[in-house]
Amino acid sequence: MIVAANANIMTMGRILEVLKKWPVKAIQVIVVTDGERILGLGDIGCQGMGIPVGKLSLYTALGGCLPITIDVGTNNQKLLDDEFYIGLRQKRATGEEYAEMLEEFMSAVKQNYREKILVQFEDFANHNAFELLARYRTTHLVFNDDIQGTTYVVLAGLIASLKVHGCTLADHTFLFLGAGEAGTGIAELIS
């Protein structure tokens, strides 16, 4: 059974304490989102929890999996006005406050679960997704399925097709529709 955890900006300074209270100790994979860019739907805040839960459903063979939403608010006014919205009713934290929250989270994850826990960043906005991978790639075991997984699958398909047609990547011109994590990741890897 997969259940979910929620850390929010109000738990800053206590994230390790919150993680230690989680009843399952043998966690191998954490899929974390801040809900800012869920499936191209945009900023749906903590209502994006279904995506980490769904991703971890694919990983159930791994055993200990934990979906987490880091609730830093939402800029979606419709949600802020919705009486049934379960997330923080504030504009999305950004800048230094956001970076400090993620730094504390990543540190707490490593302290609580060990050095080699896999943290998959899921559906963060581009400006955060690429920065988080760059910031933590040398200190944590991190992965972004949109930027890395989808990108490598597309590149593998291109390389396989080149072998069939006997041409090179340089023989082609590529057009990308959209500038999401997958599209920009693919463009960067191909170039």
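Let me begin with disulfides: in this predicted model, the structure holds zero of them. Two cysteines are worth looking at here, and they sit in different surroundings, since C65 is buried, with a relative accessible area of 11%, whereas C167 is partly exposed, with a relative accessible area of 24%.

Now to the interior, where the largest nonpolar core has 31 residues, and where the residues with the most contacts inside that core are I30, V32, F105, Y113 and F121. If you ask which elements supply at least two residues each, the helices are α1 (15-20), α4 (95-113) and α5 (126-136), and the strands are β2 (29-33), β3 (65-71) and β4 (118-121). The largest share of this core comes from α4, which gives eight residues.

Please find Y113 on your screens, because I would like to follow its surroundings for a moment. Leaving aside its neighbours within four places in sequence, Y113 is in contact with L19, W22, V24 and K25, and also with I27, I30 and L66. There is, in addition, a second, separate core of six residues, and among them are I38, I44, C46 and L79.

Let me finish with helix α7, which covers residues 181-190. Which of its residues are buried? They are E181, G183, G185, I186 and I190. As for what lies over these buried residues of α7, the cover includes α5 and also α6 (145-165), and α5, as we heard, is one of the elements that supply at least two residues to the largest nonpolar core.

Methods
Residues are numbered from 1 along each chain as its sequence is written. This is a predicted model: local features need pLDDT of at least 70, side-chain atom pairs count only at pLDDT 80 or more; totals for chains, interfaces and linings use all residues. Side-chain values use heavy atoms; hydrogens and water are left out. A disulfide is a pair of cysteine sulfur atoms within 2.5 Å. Buried means under 20% relative accessible area, exposed over 50%, partly exposed in between (1.4 Å probe, protein chains only). A nonpolar core is a set of buried Ala, Val, Leu, Ile, Met, Phe, Trp, Tyr and Cys residues joined through side-chain atoms within 4.5 Å. Helices (H or I, at least four residues) and strands (E, at least two) are DSSP runs, numbered from the N terminus. Contact means heavy atoms within 4.5 Å.
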